[in-house]
Amino acid sequence: MNNKRRTKQKTAILEYLRSVKTHPTAEAVYSALKNKISNLSLGTVYRNLSDFKKEGLLKEIKVNDKKRFDGEVSFHGHFVCEKCGKIEDLFFKKPPKIDFPNNYSINSADLIFKGRCKNCKINMPCKKKCSNCRKAGKKKNKK
Ligand SMILES: [Zn+2]
Ligand SMILES: [Zn+2]
């Protein structure tokens with residue numbers, strides 16, 4: 001493969017990561033781009049993602065034992081929906097102040113909050129039989 005093509009693939013992968021908020025896996029990056037970039041292989045995607053990580057151009061987070069990639073490199077945490085698996089960025093209004101023991105050096109931090117997203121919360125049956133739950137129940141009965 002010539003250098004020009006290699007650069008083109010690299011740029012496309014980074015641009016894709018910066019354009020989405022889904023925090024895709026390497027496989028998801030590959031399937032999103034394979035039809036757009038000729039001769040793209042999953043191996044190339046893996047290699048480029050690991051290069052970008054070393055260069056600090058992306059962040060890697062581990063969610064449910066899967067590596068996900070993030071084009072947003074500023075300090076931020078993540079919300080993971082336990083039901084649908086959606087990952088969202090969470091930004092801090094102020095950087096949190098944490099008392100680290102003396103002489104420690106911190107290289108990275110993964111802050112992951114788990115719960116239910118707005119959509120999944122609505123579909124969660126509650127004990128009070130609220131209007132949302134009745135609606136969800138009706139949908140099920142139709143099938
Ligand atoms: Zn959800
Ligand atoms: Zn993120």
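What follows is a conversation between a trainee and a mentor about a predicted model.

Trainee: What is the overall make-up of this protein, and which pattern does it follow along the sequence?

Mentor: In this predicted model there are five helices and five strands, and read along the sequence they follow the pattern α-α-α-β-β-β-β-β-α-α. Of the 143 residues, 13% count as buried, and among contacts with a separation of 6 or more, 48% are between residues 24 or more positions apart.

Trainee: Why is H1 called roughly perpendicular to H3?

Mentor: Helix H1 (residues 3-19) and helix H3 (residues 42-55) pack at an angle of about 70°, with their axes 10 Å apart. Angles of 65 to 115 degrees count as roughly perpendicular, and therefore H1 is described as roughly perpendicular to H3. The contact is made by Gln-9, Lys-10, Ile-13 and Leu-14 on the side of H1, and by Thr-44, Val-45, Asn-48 and Phe-52 on the side of H3. By class, the residues of this contact divide into four nonpolar, three polar and one charged. The crossing in which H1 passes H3 is right-handed.

Trainee: What makes H2 oblique to H3?

Mentor: The axes of H2 and H3 come within 9 Å and cross at roughly 125°. That value falls outside the range of 65 to 115 degrees for roughly perpendicular and is not over 145, as roughly antiparallel would require, so the term that remains is oblique, and H2 is accordingly called oblique to H3. The contact is made by Ala-26, Glu-27, Val-29 and Tyr-30 of H2 together with Leu-42, Val-45, Tyr-46 and Leu-49 of H3. In this contact seven residues are nonpolar, none is polar and one is charged. H2, too, passes H3 in a right-handed crossing.

Trainee: How do you know whether Ala-32 is buried, exposed or partly exposed?

Mentor: Ala-32, which lies in helix H2 (residues 26-33), has 17 other C-beta atoms within 10 Å. A buried residue needs 20 or more such atoms and an exposed one has 12 or fewer, so with its count of 17 Ala-32 is partly exposed. The C-alpha atoms of Ala-32 and Tyr-16, which are 16 residues apart along the chain, are separated by 8.6 Å.

Trainee: How do you know that strands E3 and E4 pair, and what is the direction of the pairing?

Mentor: Two strands pair if at least two bridges are found between them, and four bridges join strand E3 (residues 77-81) to strand E4 (residues 87-90), which run antiparallel. Within this pairing, the bridge partner of Phe-79 in E4 is Glu-88. The hairpin of E3 and E4 has five residues between the strands, and in that hairpin Gly-85 takes a positive phi near 80°.

Trainee: Why is the pairing in the sheet called mixed, and what makes E4 and E5 its edges?

Mentor: Four bridges also join E3 to strand E5 (residues 112-115), but these two run parallel, whereas E3 and E4 run antiparallel. The three strands form an open sheet in the order E4-E3-E5, with mixed pairing. E4 and E5 each have a single partner strand, so one side of each is left without a neighbour in the sheet and both stand at the edges. On average, neighbouring strands of this sheet are turned by 25° against each other, direction ignored. Between E3 and E5, Val-80 stands opposite Lys-114, and the bridge partner of Cys-81 in E5 is Gly-115.

Trainee: How is Cys-81 classed, buried or exposed or in between?

Mentor: Cys-81, whose place is in strand E3, has 17 other C-beta atoms within 10 Å and is therefore partly exposed, since buried would call for 20 or more and exposed for 12 or fewer. Leaving aside neighbours within four places in sequence, Cys-81 is in contact with Lys-86, Arg-116, Cys-117 and Cys-120. The C-alpha atoms of Cys-81 and Gly-115 are separated by 5.2 Å, although these residues are 34 apart along the chain.

Trainee: What makes the phi of Asn-64 worth a remark, and how exposed or buried is Asn-64?

Mentor: Most residues other than glycine have a negative phi. Phi of Asn-64, however, is near 50°, a positive value in a residue other than glycine. Asn-64 is found in the loop between strand E1 (59-63) and strand E2 (66-70), and with 10 other C-beta atoms within 10 Å it is exposed, because the cut-off for exposed is 12 or fewer.

Trainee: Where is Asn-103 found, and why is Asn-103 called exposed?

Mentor: Asn-103 is found in the loop between E4 and E5 and has a positive phi of about 65° although it is not a glycine. With 5 other C-beta atoms within 10 Å, Asn-103 meets the limit of 12 or fewer and is therefore exposed.

Technical notes:
Residues numbered from 1 in each chain as written. Chains lettered and ligands numbered in written order. Predicted model: local features only at pLDDT ≥ 70, side-chain atom pairs only at ≥ 80, totals over all residues. Contact = placed C-beta atoms within 7 Å. Axes fitted to C-alpha atoms, helices over the stretch in contact; angles between N-to-C directions. Parallel < 35°, antiparallel > 145°, perpendicular 65-115°, else oblique. Left-handed = near helix turned anticlockwise from the far one by under 90°. Nonpolar A, V, L, I, M, F, W, Y, C, P; charged D, E, K, R; others polar.
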